[in-house]
Amino acid sequence: MEIAERFINYTKFDTQSAEDSQTVPSTPKQLIFAKYLKEELEREELKDVEMDEMGYIYATLPSNSKKKIPTIGFISHYDTALDASGANIKARIVRNYDGGDIQLNPNMVSSPAMFPELLEHKGEDLIVTDGTTLLGADDKAGIAEIVQAMCYLRDHPEIEHGDIRVGFNPDEEIGMGAHHFDVEKFGCDWGYTIDGGDLGELEYENFNAAGAKVFIHGVSVHTGYAKGKMVNASRLACEFNAMIPDTEIPEATEGYQASTICSG
Ligand SMILES: [Zn+2]
């Protein structure tokens with residue numbers, strides 16, 4: 001199977017995770033995809049394919065070498081972000097991208113004027129949506145890449161390798177993906193997460209995605225009698241927001257910038 005077809009098949013599943021859910025995975029629909037993926041791994045003849053009740057999937061491409069080679073692992077997540085709908089995704093391939101605007105639907109374009117990085121992909125085939133949903137390339141692209149790589153190695157025994165483990169998990173987008181990942185069962189000397197970024201990019205650090213929820217309770221009083229009594233929650237929220245230094249926000253920082261400012 002071609003990698004694009006494999007990926008587009010994945011996008012047909014709605015695997016959006018959900019915050020404030022008490023279950024693992026956070027949404028039962030993720031398990032439907034997990035089952036599909038498990039069966040695909042079995043079809044592609046990976047070994048030790050298993051899926052636990054939380055939807056964590058592990059499998060092995062066995063060593064083809066007599067030498068002792070360390071076991072490495074590749075990991076990606078199959079849930080998608082909460083920013084837009086993950087249902088009814090209509091993926092489309094834009095062949096040989098010409099560097100112009102991509103008309104996603106009558107009212108929406110993806111334009112290099114807004115996203116100049118598109119120009120780095122001139123001449124390539126791009127996979128886009130109709131603009132109304134997520135594509136879910138984060139991180140189904142990672143899964144497609146890993147599975148495709150395993151198939152390539154399976155079909156090319158002349159490439160010598162040790163045991164390779166693959167692991168796929170739900171609920172990364174809500175910060176819960178690693179919580180139930182069985183590192184011992186995965187059993188690798190080291191592993192890589194295949195998730196986002198440019199071709200050839202390797203990151204060995206991660207940002208801290210800690211969040212805070214701030215609840216502001218005002219005091220509601222009839223406006224005619226409000227003087228000295230009313231506390232307007234939205235005005236307090238604005239005041240609170242204004243206290244956050246405007247040089248320490250994501251849109252004003254890159255690399256180590258924020259932490260450098262914070263520490264000194
Ligand atoms: Zn991701």
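**View 1. D130 is a buried partner for the exposed K90.** In this predicted model, D130 has a relative accessibility of 18%, so it counts as buried, the limit being under 20%. Its partner K90 counts as exposed, at 51% relative accessibility. The side chains of K90 and D130 meet in a salt bridge, with 3.9 Å from N to O. K90 sits in the loop between β3 and β4, while D130 sits in the loop between β7 (126-128) and α3, so this pair ties together parts that are 40 residues apart in sequence. Look around K90 as well: leaving aside residues up to four places away in sequence, K90 touches V128, T129 and D130. For a sense of scale, the C-alpha atoms of K90 and Y256 are separated by 37 Å.

**View 2. R95 and D125 form another salt bridge.** Here the closest N and O atoms are 3.2 Å apart. You will find R95 in the loop between β4 and β5 (102-105) and D125 in the loop between β6 (108-110) and β7, so the pair ties together parts that are 30 residues apart in sequence. R95 is exposed, with a relative accessible area of 57%, whereas D125 is partly exposed, with 44%.

**View 3. R6 and E40 pair up while buried.** The salt bridge between R6 and E40 has its closest N and O atoms 3.1 Å apart. R6 belongs to helix α1 and E40 to helix α2, so the pair ties together parts that are 34 residues apart in sequence. Are these two residues buried or exposed? R6 is buried, with a relative accessible area of 1%, and E40 is buried too, at 0%. R6 and E40 also belong to a network of salt bridges that links them with E44, R154 and D155. Across the chain, the count comes to 12 salt bridges. Side chains of opposite charge can pair when their charged atoms come close.

**View 4. The largest nonpolar core has 28 residues.** Those with the most contacts inside this core are L37, L41, I143, V147, M150 and F168. The elements that give two or more residues to the core are α1 (3-11), α2 (29-43), β2 (57-61), β3 (72-77), α3 (137-155) and β8 (164-169). Helix α3 supplies the largest share, seven residues. To explore the core, start at L37: not counting residues up to four places away in sequence, L37 touches Y10, I57, I143, V147 and F168. Apart from the largest core lies another one, of seven residues, including Y97, L104, L126 and V128. In soluble globular proteins, nonpolar side chains tend to be buried together.

**View 5. A nonpolar patch lies on the surface.** Which residues form this patch? They are V214, I216, V219, V231, L236, F240 and I244, and together they have about 520 Å² of accessible area. V214 lies in the loop between β9 (190-193) and α5 (233-242). With a relative accessible area of 48%, V214 is partly exposed.

**View 6. Stepping back, the chain has six helices and nine strands.** Its C-alpha atoms fill a box of roughly 85 × 45 × 40 Å along the principal axes. The radius of gyration is 23 Å, but a compact globule of 264 residues would have one near 18 Å. Of the 264 residues, 35% count as buried. The chain exposes about 17100 Å², and carbon and sulfur atoms supply 55% of that area.

Technical notes: Residues are numbered from 1 along each chain as its sequence is written. This is a predicted model: local features need pLDDT of at least 70, side-chain atom pairs count only at pLDDT 80 or more; totals for chains, interfaces and linings use all residues. Side-chain values use heavy atoms; hydrogens and water are left out. Patches are made of residues with over 30% relative accessible area and no salt bridge: like charges are joined within 9 Å, nonpolar side chains (Val, Leu, Ile, Met, Phe, Trp, Tyr) within 5 Å. Accessible areas come from the Shrake-Rupley method with a 1.4 Å probe; for residues, only the protein chains shown count as cover. A salt bridge is a side-chain nitrogen of Lys or Arg within 4 Å of a carboxyl oxygen of Asp or Glu. Helices (H or I, at least four residues) and strands (E, at least two) are DSSP runs, numbered from the N terminus. Buried means under 20% relative accessible area, exposed over 50%, partly exposed in between (1.4 Å probe, protein chains only). The radius of gyration is taken over C-alpha atoms; the globule rule is 2.2 Å times the number of residues to the power 0.38. A nonpolar core is a set of buried Ala, Val, Leu, Ile, Met, Phe, Trp, Tyr and Cys residues joined through side-chain atoms within 4.5 Å. Contact means heavy atoms within 4.5 Å.
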